[in-house]
Structure formats: C-alpha cells, structure tokens
Amino acid sequence: MNLIGEKISYKPDEQFHLNDVSFNFKKGNLYTILGRTLSGKTTLLKTIAGLLNPDQGSISFEEKDFIKIPVWERNVAMVYQQFINYPHLNVYENITFPLEQRKLSPEQIKKDVDEALKTVGLVGFENRKIQELSGGQQQRVALARSLAKKAKILLLDEPLVNLDYKLREQLREEFKRIFSEGLSQDTILIYSTTDPQEVMELNGEVIVLDEGKVLQKGPAKEIFENPSNLKVAEISNDPPMNVLKGSKNSKNLNFENISLEIPNHFKNLEDRDYNFGIRASEIKLDENGEEFEIELAEISGSETLLHLKRGNSKIIALIEEVMNFKIHEKVKINFNANKFYAFGEDEKLVSSPYGGTNG
Amino acid sequence: MSKLYTFLKYFFITFWTVFVVAPFLWAVSTSFKDFQSVNSKVTYIPWLDFEPTLEGWRVLIKSPAKGGVDIVEPYFNSIFVTCTASLISIVLGTLAAYALSRFTFKAGFVRNNDITFFFISQRIMPPIVLSIPFFIFLSTIGLLDSLLGLVVVYIVLLMPIAVWIMVDFFNRVPKELDETALIDGCNPYQAFYKVVLPNSIPGLIVAGMFCIIFGWIDFFFAFILTFTEVQLLPVKVVALNSSITPWWSLSASALVSVAPLIIVAFIVERYLSKGNLSGALK
C-alpha cells in the first residue's frame, strides 16, 4: 500500500537530474526532501506527480504501476514554490476546480471547500480575485486547493521559499498545525525544501538529495546529529557546517597551528588526518581563544555571522547577539571540542558527538 | 517647471490631435460637397460656404448601370474575406503557438525557434516576392479571382502574425499553470481550453486585432489576384481615383472603409483601459 520508487534515474541532458533514487513512502507520514537548489527535488516531485517520466526505474502505488497512469488520473496534489493559481478564477472557484473536474456532487464540493478554506484561514475571501491577494494568501489558496482534493499523495515543492521572512515563519507554524489536523491518515505528505530549519521543525523522515543522488535517509534528528558525510553536514546546516582539515595524535587535535584537547568521543579514534566539522553555533568569542581574521560580518536578525580566516581555513561563526566588527579586524575565538565531528579523508563520518559512526 | 510641462504636454497633444483628425474632418466635409463646391474655390463650412448634398454617399449604393459605383458588394466581400481568414488564422495560429511554446520539436537541425522563425519569415519577405507564386498557385488550382482563393492567401499572410503574438504570449504564461491543471485532473486538451485559453484572452484580442487590421487594409494581393468576378473594398476605393476624380464619393467610401477599424479600435481600447491586456498573469 506504499508509494515505492525503485532505482529512478532521469537524465534529459548531460547531467543526471535523478540518479538511482529509491524510496518507500508510507501512508500517514511526512517526508521532507532536503537539498540545495538544482539538487533534483522538483524533478523528484514531478516524477511522482507524473509530469516527468523517468528514463529508468519504477514507481508503484497501492500495488499499481504508477508510471503507466497519466498525471490527470493519479490523484496527487502539488503546491509549487511559485504561487500557481488559476488567474481567471476567484478564490472559491480555484479551490472547486479539481473537485468539479472529478465530478463530485455540489454538496460534497461545498463541504470540502469550506473545510479547506477554514483550515488555511481564508474564510471570507471566497470572491476575491487571485491578483488581489498577497503572496502568502495566494500560497494559502494553492494549499487549500490541494487539501480540498483529499489526494492520497500531497507534494509541496519549497512552498515557503518565495515568501518574505516574517510570513515564512508564520506559515511554517501553520503548516505544522495543518499537517497534524487537516490530513487524513491515508495521505503521504512529501515536502521539499532547501532550509534545514524547516526540516527540523517539520520533524519527519528526511531524504537528503544532492546532484540527483540520495545521500542519506532517516529521521530529522538522525540527519542533524549524525550526517553520514561532509556533504550532508553542509546541506543540513545553515550556515553550513565548518570544515577544518587537521589531524589527531595521541595528545591533541591539530589544525591551523591550533591544538585542542581530545574530547571524550574521539578517545578511540585512530591517529591520522581528518576533516573536522564544527557547527557555526559552537564557536564562541573568547579572550583566551585563538586568533582569526574577520573577512566579513553580517547581521541577520538578532545574530551576527562572522566569516573568519586563518591560514587556509575559512570558517563561519554564529554569534547570538548583534555586534559591530570591522573587516580585517582580529578576533579571538574558542571551539567547543565536545561538539567536534570527525570525517575521514573520504569525507565519510567517522565520529560524531552524538555517538553515531559510519561503520 | 510643472506649469511649462503641462503647457507643452497639452500643446503637443492638441497639435497631434489636429494633425490626425484634420484629414478626417476634411474627408467628412468633402463627402457632402458637389462638383461645384470642390472645384470652384476652397470651401469649409456647410450651408455657409457650400450647400451640402448626399450625392457623394448615394452613388456608393447605386448600381454602375445607373451611374453609381456600388461599393456594397466589395464591402461585404472584404468583411467576409477578412473575418474568415482572421478567424482561421487565430484558431490554427493559437494551436500552433501553444505547441511551439510547450512541446519540443526536433527534425534534423530544426528546433522550435526555427519553426517560429519560419512563420515570421513569411512576413519579412516583401509581398511582391510572393505575388507571382501565389498567382500561379491560385490559377493552377482554379481559385484565381475568387473569394476562397483570397481567403487562402490571407491565411498565409495573417497566420504568422497570430503565431508570433501567441507564442510570445504563451511563453509568458507559466508552464506550471498547465501542469497544475493536469495535476488537478484535466487531460491535456482540457488543460488547454479550460485553463490556458481563458487566461490568454488578452493575447487573442491583440492577435485578432492585428489580423483584422492587416487583412482589411491589404491592397496588393487583392489587386493582383482578382479581376472582374470578385472585388475587395481597397481596390474599389482606389479605382474611383480615375481620370476625373469624384472627390465626394471617394471621401465617402474612404470613410466607410475605415469605420470597421475604428470600431475594432474602440473595442480593444476598452480592454486596454481595464488593464486586462497587461498584468493578467504575472
């Protein structure tokens, strides 16, 4: 009864858009696809919807070969990152469109639409034109249309990416509520995003996609705590996880002429070269710390992002207050060694502060 | 500054309006004059300067046997040819444009853009280049000097305009709109006429307007491809200008021949002022 994809590849030109992707999506669950732009997220969703046919591989749903079913008979719903609604119809007609297409009874349509409007908080907007609505409201209409269909597969392709910061926060909160209340246990929800924070908040099963390839699958917490390789560590953190080339010997961790005491979780590690990973938030300003040069300081909200440099290493530190720095100024920082990750030279995870290893 | 600007603005608008409208007024006034008032001296104001007469208008509907020029039949011929050719061009052109905008064609080195350019190239050529092939073609299939032949030729002339405008229009309609329609249960044909077409009305109006204008004003092909059986309005109007020009009926026939375009312009202008032509889709 699941939505199962096996070894799906799609290569319309020189590059793979999807490369040997497999998945097994169960009903009633939320799946998030995390990846940078052009990593194949939209392609994967369009393939599930039926808008694209893969070159290789199979998709089955409820034991039927999904690829043989045309888009308009698949009963999926999709929300795009652009706010796509029918401009010639008003809000109410937009939501009834797919229901009328399926020839439901007028009573049923009215009931479903009213319910969907209530869920997305657009009661009273029925007769508005689409062009009169704000971006956030337009996206709500698109979501309402998808919910009213009661499709068994609901695809959301970066639904928040084109909204401004404030609205995104607000709608993200509402999405969590809608996903927990407004969906039946029959629905498979697939949500794609570039934003690791969204993934953590939605807290579903995660698929990390890069250049069309699945890098890691697992619960959000697992991806965050034990990224299986450097790439995942970069994609699943914002700002991306810092990477420092260095080595471990019997006494210390060494990188860029800095020596740190060996943290507990590294005690059993072999003595050799590693790529050390540390999150931007685990770097603190400290009078007694190591000296780095500021390349750029950005203030974002109530935080300051410091782009730092020492030797060949460039790192980003996240300071949780607004501070003014001059470029090329020297600052002293301290690393929280207990939060260090170790990746091998093949970029695979060797040791994480949360205990995970990669074999 | 702003006063000077306002003054200059109204000055130039007034100047331009006079420039454009004066010939029309002159034609209107001339159409009510008789031989005497045109040829003796310059006259302007009816009843004061000259005695208005409806003779110039009357000859337009009189049969040649009674000394008239009878533009009624050419008038309806022109309406029939223009409307039929425009309608067929819009229908076929819109379908072709949608296909060119949404699907990828490959045939040897030919791609979508090449096909679109092929359509437009029909209009880049000077019409004189096409005249001989058209003449031979129509005479071979026996459609020379017939309404049907003219419709066929006008479709060739008008469809590139429809394709060109509609390709550009469809390219600006996001592809995701069609995809959403497919996801919402439309098959590709339903997606086209239930979603894409209703959102393309502004483009269809512009394309239709251009087809009607270019079809209506064509003199060249109407002149070359017809002789006695069928005559179109532009040819008939120009033919009035012979050894002794009847300026009054020439003016009257010129006025009735621009009338349909003025009506079309007013209809389109209503859409323009409603803002329906731009920003229907963003």
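Begin by selecting the six strands of chain A that form an open sheet in this predicted model; read across, their order is β6-β7-β8-β3-β9-β10, and the pairing is mixed. Colour β6 (76–79) and β10 (213–219) of chain A separately, because these two strands stand at the edges with a single partner strand each, so that one side of each is left without a neighbour in the sheet. On average, and with direction ignored, neighbouring strands of this sheet are turned by 15° against each other.

Next, select residues 30–34 and 188–193 of chain A, which are strands β3 and β8; they run parallel and are joined by five bridges. Which residue of β8(A) stands opposite A:Tyr31? Showing side chains here will bring up A:Ile190, which is the residue opposite A:Tyr31.

Keep the sheet displayed and add residues 41–49 of chain A, which form helix α1 and pack on the sheet. This helix touches β3, β6, β7 (153–157), β8 and β9 (205–210) of chain A, and its direction makes about 155° with that of β7(A).

Now zoom out to the whole of chain A, which has eight helices and 20 strands. Its C-alpha atoms fill a box of roughly 75 × 45 × 35 Å along the principal axes, and buried residues account for 41% of its 359 residues. If contacts in chain A are limited to residues at least 6 apart in sequence, 65% of them join residues at least 24 apart.

From there, turn to the contact between the chains, to which chain A gives 17 residues and chain B gives 16. On the side of chain A that touches chain B, the elements giving two or more residues are β6 (76–79) and α2 (91–101) of chain A; the edge strand β6(A) of the sheet is thus worth selecting again. The residues of this side divide into 13 nonpolar, three polar and one charged.

Finally, move to chain B and select helix α4 (residues 72–102) together with helix α10 (residues 201–217), which pack at an angle of about 140° with their axes 9 Å apart. The crossing of these two helices is right-handed. What meets what along α4(B) and α10(B)? Residues of α4(B) including B:Ser78, B:Val81, B:Ala85, B:Ile90 and B:Gly93 meet a set in α10(B) that includes B:Leu204, B:Gly208, B:Cys211, B:Ile212 and B:Trp216. Coloured by type, the residues of this contact divide into eight nonpolar and eight polar, with no charged residue.

Methods. Residues numbered from 1 in each chain as written. Chains lettered and ligands numbered in written order. Predicted model: local features only at pLDDT ≥ 70, side-chain atom pairs only at ≥ 80, totals over all residues. Helix = DSSP H or I, 4+ residues; strand = E, 2+ residues; numbered from the N terminus. Buried ≥ 20, exposed ≤ 12 C-beta atoms within 10 Å, placed from the backbone. Contact = placed C-beta atoms within 7 Å. Axes fitted to C-alpha atoms, helices over the stretch in contact; angles between N-to-C directions. Left-handed = near helix turned anticlockwise from the far one by under 90°. Nonpolar A, V, L, I, M, F, W, Y, C, P; charged D, E, K, R; others polar. Pairing = 2+ DSSP bridges.
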